[in-house]
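This report describes one protein chain by its parts, its sheets and its internal spaces. The sequence and the structure come first.

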Amino acid sequence: MAEFRVWAPKPEQVRLDVEGTVYPMTRTRDGWWHADVDDGRDARYGYLLDDDPTVLPDPRSARQPDGVHERSQLWDPAGASWTDGDWPGRTLDGAVIYELHIGTFTPAGTFDAAIEKLDYLVDLGVDFVELMPVNSFAGTHGWGYDGVLWYSVHEPYGGPDGLVRLVDACHARGLGVLIDAVFNHLGPSGNYLPRFGPYLSSGSNPWGEGINIADADSDEVRRYIIGCALRWMRDFHADGLRLDAVHALVDTTAVHILEELATETDWLAQQLGRPLSLVAESDLNDPRLITPRDHYGYGLTAQWADDIHHAIHTAVSGERQGYYADFGSLATLAETLRRGFFHAGTYSSFRRRRHGRPLDTHAIPASRLLAYTCTHDQVGNRALGDRPSQNLDPGQLAIKAALVLASPYSAMLFMGEEWGASTPFQFFSSHPEPELARATAEGRKAEFAEHGWDADEIPDPQDPETFQRSKLDWGELDSAPHDRLRGFYRDLIILRHKEPDLADPWLDHLAVDYDEELRWIVLSRGQFRIVCNLGTEPVTIPMVGDVILAWGEPATSADGTVLQGHSVAILRLP
């Protein structure tokens, strides 16, 4: 006997279709419809709304074996083959996270193929794997942020059973798993949820119509979101979630949905006996996200810190376009490293208004912020999807790595950055509707043409070659200069994990000195000094210590430590 339940307050009639056989459903007063069917566990099924003959997939579908436009299939988490019963979990504070996209991480682009690379990640020293969205979306390949069936796992990656195998394999190697979850909008292809109920709000965001989390009849929509989030951690044993663009979750209720989710996640962690983490992506620079609930915050574990990325990237690369306009000086870099946010109630020229709120560095450790040199956004949302390694020399890449991995912040890498991958990570999609495919390609070209790019140079997201170009080339891993850069990353991570001074999360213990004209900057952390020369000419930095790790050939003079152009050294003071 299989039980089928669906929340559908909009239609007057809902019927269940199982392999072409139609069954009536009974409605309860709260808008839920029920039916019990013999032998329906492995069958394809869907719902018929009112007089429409189109069979629609289940909004809470666990499997979409034939894609998001077709029938659903039940999947019982109790039947999954887990071997991680002794997994104690991992805490996020101070961790090194490795963000990857399943479809381009390996040539095959599947969960099982990713398992074959896990030993490499263990050797690199990372603590968590962060999977870009793995929920079902239209087409065979895409970034995953246009998901429409949030409860199901993208079938081309390997479906729910493939995800179980990957998470289980990660845990067997001591790796935690974070899953990127998108609750701020629904994709344009295969979005049938509004036909079932009031899932959409009257507002919108840059990606489409907003989600109804605060308007009339929103309670069940909130439960849909929170239930999905908890499911990744309960049924798929994920150790936490990365929450996409939470600033687009417009919630005017007294208890913000993020606070509600954090409360229920903490409760689930107690039930499971292992830590669970929620990491927010937000452009608000609002520390309330990571302030404990007993201090009137939302109580999330951590949040991305784009200001740190912007400050490091602009200081090293010299880029100043768009939202980089307020960044670039060493003074800005030093200020951002000292306090986590650069815009903290200060004027943002890009936004043309004040932005952000100061972080209480006495109460909130720096490990609640994630620092990074690049992410899928900071690479893929460039016109050509070019990585820093395609524009900077290895010394500059080493400087960026040291500023992140030797900082007090939790750290994140984007797949391939550790060896300076030469492949781009471009924006790609595979919408099955010709009109949508054409609109996506034309919109991408128009967007970047407004910023001065030649429209003919912008890759077509729908061209299969755009997807293929974005796959990592593992063949270059052990060739020069990639192998040397990978070794430097590995040594930085080892040092970060081994030395207590480099694990200190309090910004009050961090000192930053710099010389704007000579282009050097120094981070002081206990007995360690991270000394960087961002300029092209040799400089003498007025301090001496034992060189623990270096990129370049540092030397000691009577006046201090001499660094060559574009080089970095970590010193231990006597």
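The sections below go from the division of the chain to its strands, then to its pocket, its cavities and the annotated sites.

## Model and domains

The structure is a predicted model. Its chain is divided into domain 1 (2-56), domain 2 (131-300) and domain 3 (505-572). Between the C-alpha centres of domain 1 and domain 3 the distance is 66 Å.

An unreviewed UniProt entry carries the annotation "domain: Glycosyl hydrolase family 13 catalytic" for residues 80-444. Helix accounts for 32% of the chain over residues 80-444 and strand for 17%. The end C-alpha atoms of this stretch are 41 Å apart.

## Strands 1, 5 and 4

An open sheet is formed by three strands in the order 1-5-4, with antiparallel pairing. Strand 1 and strand 4 (26-27) have a single partner strand each and stand at the edges, so each has one side without a neighbour in the sheet.

Strand 4 runs antiparallel to strand 5 (residues 32-37), and two bridges join them. Within this pairing, T26 is opposite H34 in strand 5.

## Strands 2, 6 and 7

Strand 6 (residues 44-49) has two antiparallel pairings to describe. Strand 2 (residues 14-18) is joined to strand 6 by five bridges, and V18 faces Y45 of strand 6. With strand 7 (residues 72-73), strand 6 pairs over two bridges; here R44 has Q73 in strand 7 as its bridge partner.

Strand 6 is also mostly covered, with five of its six residues buried.

## The second largest pocket

The second largest pocket holds about 660 Å³ of space. Its lining consists of 24 residues, and those nearest the pocket centre are E3, R60, A62, L74 and W75. Strand 1 (2-7), strand 6 and helix 6 (219-234) are the elements that give two or more residues to this lining. Strand 1 contributes the most, with four residues.

By class, the lining of the second largest pocket has 11 charged, 10 nonpolar and three polar residues. Domain 1 (2-56) and domain 2 (131-300) each supply at least three residues to the lining. The pocket therefore has lining residues from both of these domains, since neither gives fewer than three.## Cavities

Three cavities of 30 Å³ or more are present in the structure. The largest has a volume of about 100 Å³. Its lining is made up of T373, C374, R387, P388, S389, L397, K400, E417, G420, A421, L485 and Y489. Helix 11 (394-405) and helix 14 (482-498) are the elements that give two or more residues to the lining of the largest cavity. This lining has six nonpolar, three polar and three charged residues.

The second largest cavity has a volume of about 60 Å³. The residues that line it are F183, I225, L243, D244, V246, L249, I257, L258 and L261. Helix 7 (residues 257-272) provides the largest share of this lining, three residues. Eight of the lining residues of the second largest cavity are nonpolar, one is charged and none is polar.

## Annotated active site

Which residues does the UniProt annotation "active site" cover? The annotation, from an unreviewed entry, covers D244 and E281. These residues are spread over 38 residues of sequence but cluster in space, with a largest C-alpha distance of 5.3 Å. Of the annotated residues, D244 is included in the lining of the second largest cavity.

D244 is placed in the loop between strand 15 (240-243) and helix 7. Is D244 buried or exposed? D244 counts as buried because its relative accessibility is 7%, and the limit for buried is under 20%.

## C228 in helix 6

C228 belongs to helix 6. C228 has a relative accessible area of 1%, so this residue is buried. C228 and I364 are separated by 136 residues in sequence. In space, the C-alpha to C-alpha distance between C228 and I364 is 29 Å.

Notes:
Residues are numbered from 1 along each chain as its sequence is written. This is a predicted model: local features need pLDDT of at least 70, side-chain atom pairs count only at pLDDT 80 or more; totals for chains, interfaces and linings use all residues. Side-chain values use heavy atoms; hydrogens and water are left out. UniProt positions are given in the numbering used here, feature names are shortened, and annotations may be inferred rather than shown by experiment. Buried means under 20% relative accessible area, exposed over 50%, partly exposed in between (1.4 Å probe, protein chains only). Two strands pair if DSSP finds at least two bridges between them. Domain bounds come from an automatic or database domain assignment. On a 1 Å grid over the protein atoms alone, a cavity is a set of points where a 1.4 Å probe fits but cannot get out, and a pocket is an open set with protein on both sides within 12 Å along at least five of seven lines; lining residues have an atom within 4 Å of a point. Grid points are joined across faces, edges and corners, and a volume is the space filled by probe spheres set on the points. Ala, Val, Leu, Ile, Met, Phe, Trp, Tyr, Cys and Pro count as nonpolar, Asp, Glu, Lys and Arg as charged, and the others, Gly among them, as polar.
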